[in-house]
Amino acid sequence: MFSRHIIRDLGLTVSLAALGAAPVSAAPRFDPMFGDHAVIQRDHPVTVTGRSDPGEAVSVTLAGEVRQVRADREGRFTAQFGPLATAGPVTLDARAPSGSVVAQDVAVGDVFLCSGQSNMELEVRNAQDAVGQIRASADDQLRLMLVPRAVADDPLRDFRQAPSWRPAGPDSVADFSAACYYMARELRKTAGVPIGAIASSWGGSRISPWMGARAQAAVGQAAQSALVSLHGRDPFAAERAASAEWEKWWRGATGDAVGKEPWQPGSAIAWQDVPRIGPWEEWGVPALADYNGMVWFRREIELTAAQAKQPATLSLGLLDDVGRVWINGKPVAMSARSWQPSSFDVPPGVLKAGRNVLIVNVQDNYANGGLSGPAEAMKLGLGQGGELPLGGGWRYAVPASSPAGAPRVPWGDTTGSGTLYNGMIAPLGSIGLKGVAWYQGESDVDLPGYAERMKAMMEDWRRQFGAPDIAFVAVQLAAYGPPATQPVESGWAAMRQVQYQAMAWDAHGGLATAIDLGDPFDIHPGEKQEVGRRLARAMRAVAYGDPVSRSGPQAARAMATTDGGAAVEFTGLTGGLHMRSASQAIGFELCGAEAGSCRFVPGRVEGTRVMLAGDGRPATRVRHAWAESPVVNLYDEAPLPVGSFELPITR
């Protein structure tokens, strides 16, 4: 046996088990999806998973059926069962030589996964009528699971922070997704079985972080997924590759020659003293008072030879929205998470004795931006060489232009490639699902290829959960932004149309329109009860086969009329079309082929179509509600509104 002296010299922390003492056995435990109050999807094969001692024989019992399995070398066990057709309470336990576990209050019913960005993440307590809804939320047959935020470079088998099932009630509903809860509550009224709702969302996220490696490859992003995986194995190598991509992009966008870029120590751009650490909008510099774009920052550091040899960690506080760092012209890293203070390991060989030049590029896309600090958090840690404070002595320069489309590191949270899938979807394993509710798209506005990304993600999630027919229902973007007083081009409206197309292409896809539930001044409208009702309505169509529209009213085609106008026919209607607060349908536009040719025209409702009279000008297209925050007054009898669309006029 090692002596205590040798162990101390080796720098090891050793447990009694490692020194030869008998290990303490741990009784079996189920993975969170099968813990107390779990809901197991009916009519779907069940794969029960859990942990026990490595190599241990485990007897798993589900609804009276027994499976004898053995834990693998990592202590994981898997037990396969056939579908359970009868909804209601069911027994689930596991027994092994090390002990036993019984999952309490397990039920068979229907399970729904809710995911997306902040409008799905928004909690019941922050939605409308929160106090009354929370107070009356008790329902022991509605169970909720809230997945904690997590980022991972490779798919996780275990959650970093284990979630748990909780019966609906004031203590569990308040912090749960409002849209998801209200959808599940509505489905409880008609499904007649226990309902499980899993919320796994992250505010501000694009769709790409929710796409696994297979989905990334399907849309031509396999290289990005490979770079994320490399980051998990060798962060320095991944940072070098990502920096090379960024630097190549910069030279192509600006025309800067190699060696003449702003991150070089001898850069000739005009530097000025930074007034103080904090958002540049608060410096009192008129040109930066409302500036969104890039700013370069520079600071010099003096190091001794001994300090330069130390392993170094660079802390720069919050880089808002995103920062890329160089030292002595060599890349260090990019801040991957705009919501938390940045900290980077400095690659070996970058620091040197004497003068070192630290340069940071910060890009701000909205609201405040810059080296936001706080100043006391900014420092260079040098191991045994101590710390050098970096809260002062900075200079800045505003580039002549801020090129669009700067590459982000693919291991980021809200803009990464597969990082949220790896940390928040993959650990769910192959549990059975009845449907998926998806509320996301705000962060992908103006990014091409969304419908293809959505298709690839749906296929990949269905593969993971073992069913090609899992229902997907997406929420179409709500109104947000300045109301239009004349026809405009709108990326927000274009995204609504793309969302509809993505769901219409899918045989098991549905759409919940929210255009009339938005707020021009708040990207997070509080009316989530109606969002939940509309999600539930579409879910009944695609998950349960109920005879209701899976998308609400949608424009099917626009046909030319003899007077130079158009007749717009609709599909997905419940009953006929009706107008609110007016004798004509508003928000329609006739457009020519060229940009800027659209003009508002009144619509006349005739049953299930809308007639647009010609105005003597060329008309090749029809648009409706084509703005960030349009006013709409055309509904069917559900009632559901007609949302944004653009159609060519056929002759």
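This is a short walk through one protein chain, from its overall form down to a few single residues.

Please keep in mind throughout that what we are looking at is a predicted model. The chain has 13 helices and 36 strands, and its radius of gyration is 28 Å, close to the 26 Å that the globule rule gives for 651 residues, so the chain is as compact as a globular protein of that length. If you turn the C-alpha trace along its principal axes, it spans about 90 × 75 × 45 Å. Buried residues make up 55% of the 651 residues, while the surface that the chain exposes comes to about 27,600 Å², with carbon and sulfur atoms supplying 52% of it. Among the contacts with a separation of 6 or more, 74% are between residues 24 or more positions apart.

As for annotation, an unreviewed UniProt entry lists residues 418–539 as "domain: Sialate O-acetylesterase". Over that stretch the chain is 39% helix and 13% strand, and the C-alpha atoms at its two ends are 26 Å apart.

Let me turn now to a pair of helices, H7, which covers residues 222–233, and H8, which covers residues 235–254; they pack at an angle of about 145°, with their axes 6 Å apart. On the H7 side the contact includes Leu227, Leu230 and Arg233, and on the H8 side it includes Pro235, Ala238 and Glu245. Taken together, the residues of this contact divide into seven nonpolar, two polar and three charged.

Another helix, H5, holds Arg188. Is this arginine buried or partly exposed? With a relative accessibility of 22%, Arg188 counts as partly exposed, because buried would require a value under 20%. Leaving aside residues up to four places away in sequence, Arg188 touches Asp139, Gln141, Leu142, Val193, Pro194 and Ile195. Of these, Asp139 is 49 residues away along the chain, yet the two C-alpha atoms are separated by 9.7 Å.

Finally, some backbone details. Most residues other than glycine have a negative phi, and most peptide bonds are trans. Against that background, a cis peptide bond joins Asp320 and Asp321, with omega about 5°, and Asp321 lies in the loop between strands E16 and E17. A cis bond also joins Ala638 and Pro639, with omega about 0°, and Pro639 sits in the loop between strands E35 and E36. Ala63, in the loop between strands E4 and E5, has a positive phi near 50°, and Asp129, in the loop between helices H2 and H3, has a positive phi near 55°.

Definitions and conventions:
Residues numbered from 1 in each chain as written. Predicted model: local features only at pLDDT ≥ 70, side-chain atom pairs only at ≥ 80, totals over all residues. Heavy atoms only, no water. UniProt positions renumbered as here; feature names shortened; annotations may be inferred. Helix = DSSP H or I, 4+ residues; strand = E, 2+ residues; numbered from the N terminus. Axes fitted to C-alpha atoms, helices over the stretch in contact; angles between N-to-C directions. Contact = heavy atoms within 4.5 Å. Nonpolar A, V, L, I, M, F, W, Y, C, P; charged D, E, K, R; others polar. Rg over C-alpha atoms; globule rule 2.2 N^0.38 Å. Buried < 20%, exposed > 50% of the residue type's maximum accessible area, 1.4 Å probe, protein only. Areas by Shrake-Rupley, 256 points an atom, 1.4 Å probe, with all protein chains shown as cover.
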